[in-house]
Amino acid sequence: MRIAIYAFDGVTMFHLAVPQMVFDEVTRQGLDQWDPVLFSATGDAVVTAEGYGVAGLAGPSVAETADLVVVPSWHSDGRPADAEIVGLLQSSHRRGAAVAGLCLGAIPVADAGLLAGRAAVTHWQGFDLLASRHSDIRVDQTVLYIDHGDVLTSAGTASALDACLHVVRSRLGSAAANQVARHLVIAPHRDGGQAQYIERPLSRPDHEPIAAVLDWALRNLNEDLSVERLATQAHMSRRSFVRAFRVSTGATPAAWVRLRRLDEARRLLEVTDFSVDQIASECGFGSPTTFRQRFVDAYRVSPSQYRRRFGDPADSPGR
């Protein structure tokens with residue numbers, strides 16, 4: 001896959017590095033041949049926000065053949081995108097390339113008209129600007145990324161990692177995304193429905209007893225994981241547990257359990273030949289019918305269709 005990443009004067013090193021690191025790792029791990037290339041509006045060097053010069057950039061013509069065009073961030077003042085980048089994004093989208101606006105990179109994507117009538121997300125400091133400039137866009141303040149298939153936007157800063165891993169997952173499957181995440185030592189999947197933490201402190205990742213309950217639940221997905229059972233496991237009242245769980249994870253216990261069960265179901269569909277009935281049981285769904293319904297609601301494909309797309313035909317039985 002050919003990926004063109006837009007570099008401009010004032011971009012931060014982190015934002016510029018994230019899509020390169022994630023997408024390069026796909027090739028380094030031998031999962032597929034992905035080729036991310038940095039380009040600037042003129043092909044000339046750019047100076048980052050930290051004062052470093054980045055040379056050896058391609059010109060804008062590289063976007064003409066890219067499968068994915070990424071705007072990794074944008075100017076902190078939210079200035080309107082100039083005609084050149086707007087035209088480049090529009091022409092890339094017209095010929096069928098996907099377009100991603102990470103963090104404040106959602107702003108030029110919106111300026112190009114690619115989000116009209118759609119939902120989008122950006123860094124929380126850009127919510128009001130994006131909403132006021134483009135009243136036809138529904139700015140969602142509760143998610144880490146939104147993928148429309150042809151256009152993707154992500155929330156602030158580190159959410160770009162989640163969005164790029166999502167691109168890997170959607171094209172190569174969750175096993176590939178997990179492998180990339182493992183080598184980069186980052187969380188393999190923070191779902192797009194997890195809220196941004198806005199101007200409030202993050203809970204400690206090792207916060208007890210919630211962290212212990214999360215570990216226990218992941219080892220026992222086939223068991224009853226009702227709120228009451230989880231609260232009992234944490235030795236907390238139901239009300240206190242739900243409040244602490246939401247602060248720690250950004251999700252309700254029921255939503256978190258459902259997503260983890262679906263994650264495990266995808267993994268089993270990819271790397272085993274277990275039947276749908278077996279996977280439903282292994283992952284704690286009440287019945288195969290419930291499993292199929294939950295899976296289709298989440299991914300818009302049936303478990304069987306997902307397996308045909310991402311499963312390994314060389315898998316030995318029950319691996």
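Here are some questions and answers about this predicted model.

Reader: Which strand does S1 pair with, and which residue there is the bridge partner of Ala-4?
Author: Strand S1, residues 2–6, is joined by 5 bridges to strand S2, residues 35–39, and the two run parallel. So much for the strands; for Ala-4, the bridge partner in S2 is Val-37.

Reader: And what is the handedness of the crossover from S1 to S2, right or left?
Author: Leaving S1, the chain goes through helix H1, residues 13–28, before it gets to S2. That makes a β-α-β crossover, and its hand is right.

Reader: How many cavities of 30 Å³ or more turn up, and what is the volume of the largest?
Author: The count at that size comes to 1 cavity. As for the volume of the largest cavity, the value is about 30 Å³.

Reader: Which element gives the most to the lining of the largest cavity?
Author: The lining includes Phe-23, Leu-68, Val-70 and Ala-163. Strand S5 (68–71) and helix H5 (159–172) each put in at least two residues. With 3 residues, the top contributor is H5.

Reader: What is that lining like by class: nonpolar, polar or charged?
Author: Among the lining residues are Leu-102, Leu-152, Cys-164 and Val-167. No polar and no charged residues appear in the lining, and the 9 residues there are nonpolar.

Reader: Cys-103 has a positive phi; where is it found, and is it buried or exposed?
Author: Phi of Cys-103 is near 55°, positive even though this residue isn't a glycine. Cys-103 is in the loop between strand S6 (98–101) and helix H3 (106–111). Its relative accessibility is 3%, and the cut-off is under 20%, so Cys-103 counts as buried.

Reader: What about His-235, another residue with positive phi: buried or exposed?
Author: His-235 isn't a glycine either, yet its phi is about 60°. You'll find His-235 in the loop between helix H8 (227–233) and helix H9 (238–249). Its relative accessible area is 75%, where over 50% is what's needed, so His-235 is exposed.

Reader: How far does helix H10 reach from its first C-alpha to its last?
Author: H10 covers residues 253–271, which is 19 residues. At 1.5 Å a residue you'd expect 27 Å, and the helix comes close to that, with a reach of 27 Å.

Reader: How many of the residues of H10 are buried?
Author: Helix H10 is mostly covered. Out of its 19 residues, the number buried is 14.

Conventions. Residues are numbered from 1 along each chain as its sequence is written. This is a predicted model: local features need pLDDT of at least 70, side-chain atom pairs count only at pLDDT 80 or more; totals for chains, interfaces and linings use all residues. Side-chain values use heavy atoms; hydrogens and water are left out. Helices (H or I, at least four residues) and strands (E, at least two) are DSSP runs, numbered from the N terminus. The expected span of a helix is 1.5 Å times one less than its number of residues. Buried means under 20% relative accessible area, exposed over 50%, partly exposed in between (1.4 Å probe, protein chains only). On a 1 Å grid over the protein atoms alone, a cavity is a set of points where a 1.4 Å probe fits but cannot get out, and a pocket is an open set with protein on both sides within 12 Å along at least five of seven lines; lining residues have an atom within 4 Å of a point. Grid points are joined across faces, edges and corners, and a volume is the space filled by probe spheres set on the points. Ala, Val, Leu, Ile, Met, Phe, Trp, Tyr, Cys and Pro count as nonpolar, Asp, Glu, Lys and Arg as charged, and the others, Gly among them, as polar. Two strands pair if DSSP finds at least two bridges between them. A crossover is right-handed if, with the strands pointing away from the viewer, the path from the first strand over the helix to the second runs clockwise.
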